[in-house]
Amino acid sequence: MLHESVLRTLDLPVADRFEAWTQRLGHTHAPMDLASDRAADYRGHQRVIGLGDVTVWPATFDHLVFRRTPKLVRQSDPEAFHLSLLLRGEGEAAWGRQQAAYGIRDFHINCSSRSYEITTGPDPVTIVGVEIPRTLVALPTGHADQAIGRRISGREGTGALLAQFLVQLAADTNPYRPSDAPRLGTVVADLVTAVFAHAVDEDIRLPPETHDRTLFLRVKAYVHRHLADPELTPARIAAAHHISRSHLYRLFQAENVSVAAYVRDRRLANAHRDLTDPALSTTPVHAVGARWGFPRAPEFTRAFRTAYGLPPGEFRRQTLSAAHAARPQGCGRSANQLRTPGQRQTGPRQASL
């Protein structure tokens with residue numbers, strides 16, 4: 001799993017909680033003056049996930065006023081952009097005469113090099129914060145700074161891609177190895193660059209490698225939304241993104257996978273999940289296949305057997321029987337002991353999760 005450091009103020013004596021939270025946020029972003037009407041018994045929980053030069057920090061905390069004054073900027077400036085994806089609660093920010101209010105799934109953007117004041121609502125807020133060095137945002141300085149203070153939606157476009165990535169990462173870091181951290185940091189930096197570029201209408205200035213990585217994430221999101229369509233072909237995917245098929249193939253080649261293999265494996269993974277779900281046990285096997293883009297039952301059976309070592313019907317029977325038998329004893333063979341697509345069988349079949 002990725003390395004994390006955690007602070008829970010409830011683990012500290014009441015008198016020390018707000019001071020510990022102030023110091024923690026000062027180290028996470030930059031020194032700030034903090035105030036709260038809950039300072040006497042402050043409740044906050046923050047995880048800091050290091051991704052190379054980029055930091056992601058999910059947090060839930062009580063009402064808070066953040067002030068970064070000109071004096072604090074002069075004293076210490078890590079020269080970093082900060083983004084907050086608001087998942088619960090509300091907040092507003094001010095940079096002199098410039099003001100902005102934020103709702104659920106909005107991004108707040110500021111910079112350690114500017115003074116500001118941020119106020120959260122009376123109820124606790126939940127955010128996913130990002131700290132990224134200014135040098136990693138691949139836009140001219142003047143253009144990148146134009147994104148500060150803009151209200152950017154995390155519900156659509158490039159903002160939705162960044163929001164989805166951050167929420168998924170924050171939800172569970174167990175699937176990743178420490179060596180993945182710098183690569184994940186590069187993905188965050190590319191998505192932040194794309195979000196900034198879109199916000200200031202400078203997409204044409206994105207470096208080619210950043211543009212392609214962002215495009216690839218959009219393509220994958222499109223594929224996931226249309227897996228049920230049996231006509232999800234490379235030609236259709238390319239047309240939906242206004243690129244040639246050869247460009248599409250190059251995007252996937254850079255990830256060492258073909259377009260067809262990626263679509264097939266995602267479909268099979270979703271079918272695998274449905275076949276292990278007791279709530280769907282009465283849904284015919286062929287209907288599960290059709291639901292995920294395999295309209296012909298023989299084709300679904302062949303593909304599933306190749307990927308998992310068993311026909312889908314037999315896989316379901318074994319999996320649900322094992323799950324049923326395991327309930328009273330608290331043990332037994334689970335669905336995760338069967339192969340995932342692309343995994344070779346070595347001894348007992350086991351999924352790589």
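Student: How many helices and strands does the secondary structure of the chain come to?
Tutor: The model under discussion is predicted. Its chain has 353 residues. The secondary structure of this chain comes to twelve helices and twelve strands.

Student: What percentage of the residues in the chain is buried?
Tutor: A residue counts as buried when its relative accessible area is under 20%. The surface that the chain exposes is about 17,800 Å², with carbon and sulfur atoms supplying 51% of that area. Of the 353 residues, the buried share is 48%.

Student: Among contacts between residues at least 6 apart in sequence, what percentage joins residues at least 24 apart?
Tutor: A contact requires heavy atoms within 4.5 Å. For pairs at least 6 apart in sequence, the share of contacts joining residues at least 24 apart is 68%.

Student: What span does helix H4 reach from its first C-alpha to its last?
Tutor: Helix H4 covers residues 157-171, which gives 15 residues. At 1.5 Å a residue, the expected value is 21 Å. Several residues of H4 are buried, including Leu-161, Phe-165 and Leu-169. The span of H4 is close to the expected value, at 21 Å.

Student: Which element gives the largest share of the lining of the second largest pocket?
Tutor: The second largest pocket has a volume of about 310 Å³ and is lined by 16 residues. Two elements give two or more residues to this lining, namely helix H9 (259-275) and helix H11 (297-308). Nearest the centre of the pocket lie Pro-230, Val-263, Arg-267, Gly-293 and Glu-299. The largest share, five residues, comes from H9.

Student: How many residues in the lining of the second largest pocket are charged?
Tutor: Asp, Glu, Lys and Arg count as charged. By class, the lining has nine nonpolar and two polar residues, and its charged residues number five.

Student: Why is Tyr-249 classed as partly exposed?
Tutor: Tyr-249 lies in helix H8 (residues 245-253). Beyond its neighbours within four places in sequence, Tyr-249 is in contact with Pro-234 and Val-259. The C-alpha atoms of Tyr-249 and Pro-234 are 8.3 Å apart, with their positions 15 residues apart in sequence. Partly exposed covers values between 20% and 50%, and Tyr-249 belongs there because its relative accessible area is 36%.

Student: Which residues is Ser-76 in contact with, leaving aside its neighbours within four places in sequence?
Tutor: Ser-76 is found in the loop between helix H2 (70-75) and strand E6 (80-88). Ser-76 is partly exposed, with a relative accessible area of 29%. Its contacts beyond those neighbours are Pro-31 and Arg-68.

Technical notes. Residues are numbered from 1 along each chain as its sequence is written. This is a predicted model: local features need pLDDT of at least 70, side-chain atom pairs count only at pLDDT 80 or more; totals for chains, interfaces and linings use all residues. Side-chain values use heavy atoms; hydrogens and water are left out. On a 1 Å grid over the protein atoms alone, a cavity is a set of points where a 1.4 Å probe fits but cannot get out, and a pocket is an open set with protein on both sides within 12 Å along at least five of seven lines; lining residues have an atom within 4 Å of a point. Grid points are joined across faces, edges and corners, and a volume is the space filled by probe spheres set on the points. Helices (H or I, at least four residues) and strands (E, at least two) are DSSP runs, numbered from the N terminus. The expected span of a helix is 1.5 Å times one less than its number of residues. Buried means under 20% relative accessible area, exposed over 50%, partly exposed in between (1.4 Å probe, protein chains only). Accessible areas come from the Shrake-Rupley method with a 1.4 Å probe; for residues, only the protein chains shown count as cover.
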